[in-house]
Amino acid sequence: MKIVVAYQWAPDPQEATVAADGIVDFSRAKPAISDYDATAIEVGRQLADATGAALVGVSVTGAAGAAPVATKAAASRGLDEILVISDPALEGAGTAMTAKAIAAAVGTLGDVALVITGDSSVDNGGKMLPGVLGGLLRWPVVAEVKSLAMSGMDITVTRVLTEGVQTLSLSGPAVIASSADAAKPKAPGMKDVLAAGKKPVTIKSAAEVGLAVEAEGTLRSTGKMSGPSRKMVQIDTADPAAAAAELVSALRAAGVLD
């Protein structure tokens, strides 16, 4: 039995710079595995250890030369083996095409009981990939999963929602999107980094997994960050009653109060 973790190699938002006018610059941000995906890998590792399953990482890239670096960084976090779909035609691929590539990769692995993704991607953050992937595979999808357990192909997941804690039971195979706090990723040690170089890595083109890369609509971030304008209110009296009246008047003028 195999558990797959889909991970992304993308510019680290923590290394992006923000100018005074709110423009976000990713040009100098080094690529890395996002915290969301590191959490998903840790969730997968714990589940694989509990069930005896093999933990396989799957990633999609169109960037030349990215695969070797990305695979070593991912393998050091606990993956048993890695499959990368690397093809220049996938450069800038959107959610639909990326999901198709992952689905094609999963189809070549055989005996996959579960696909785990991170809570979100670090670039677009649309949280759409798990749902699209599940639709392509025709598997059930559950998002915001705090914890999960497996017994054979029977899966139990726990979600922490605004309304309370929800427990669901489903039969695999399935697609699970782990919540951002589902596990605490462990920082790879020297032993992990050295062992990563010995783990099996397969790099295939889109054609080798039977994927026809199609033109699609694209979603791009403009890099502009903006928030609601704020106006400072100054109270010019020491009298508490008068100060309260001025504050209420200012809030009503701002449309905060009716």
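This briefing walks through the salt bridges and the second largest pocket of the structure above. Please keep in mind that this is a predicted model. The structure holds three salt bridges, and R45 is a good residue to start with: R45 forms a salt bridge with D49, forms another with D80, and is among the residues closest to the centre of the second largest pocket.

**The salt bridges of R45**

- R45 pairs with D49 in a salt bridge whose closest N and O atoms are 2.9 Å apart.
- Both partners sit in helix α1, four residues apart, so about one helical turn separates R45 from D49.
- R45 has a relative accessible area of 16%, so it counts as buried, the cut-off being under 20%.
- D49 has a relative accessibility of 55% and therefore counts as exposed, which requires over 50%.
- R45 also forms a salt bridge with D80, where the closest N and O atoms are 3.0 Å apart.
- Here the partners come from separate elements: R45 belongs to helix α1, while D80 is in the loop between α2 (66-75) and β7 (81-86), so this pair ties together parts that are 35 residues apart in sequence.
- D80 is partly exposed, at 30% relative accessibility.

**The salt bridge of K146**

- K146 and D181 meet through their side chains in a salt bridge, at 3.1 Å from N to O.
- K146 is part of strand β9 (residues 141-151) and D181 is in the loop between β12 (174-178) and α5, so this pair ties together parts that are 35 residues apart in sequence.
- With a relative accessible area of 31%, K146 is partly exposed.

**The network**

- R45, D49 and D80 are joined into one network by salt bridges that share partners.

**The second largest pocket**

- The second largest pocket holds about 210 Å³ of space.
- Its lining is made up of 17 residues, and R45, S76, R77, G78 and D192 are the closest to the pocket centre.
- Two elements, α1 (35-51) and α5 (190-196), each give two or more residues to this lining.
- Helix α1 gives the most, with five residues.
- By residue class, the lining of this pocket has eight charged, six nonpolar and three polar residues.

**Putting it together**

- Helix α1 contains both R45 and D49, and α1 also gives the most residues to the lining of the second largest pocket.
- R45 takes part in the salt-bridge network with D49 and D80, and R45 is also one of the lining residues closest to the pocket centre.

Conventions. Residues are numbered from 1 along each chain as its sequence is written. This is a predicted model: local features need pLDDT of at least 70, side-chain atom pairs count only at pLDDT 80 or more; totals for chains, interfaces and linings use all residues. Side-chain values use heavy atoms; hydrogens and water are left out. On a 1 Å grid over the protein atoms alone, a cavity is a set of points where a 1.4 Å probe fits but cannot get out, and a pocket is an open set with protein on both sides within 12 Å along at least five of seven lines; lining residues have an atom within 4 Å of a point. Grid points are joined across faces, edges and corners, and a volume is the space filled by probe spheres set on the points. Ala, Val, Leu, Ile, Met, Phe, Trp, Tyr, Cys and Pro count as nonpolar, Asp, Glu, Lys and Arg as charged, and the others, Gly among them, as polar. A salt bridge is a side-chain nitrogen of Lys or Arg within 4 Å of a carboxyl oxygen of Asp or Glu. Buried means under 20% relative accessible area, exposed over 50%, partly exposed in between (1.4 Å probe, protein chains only).
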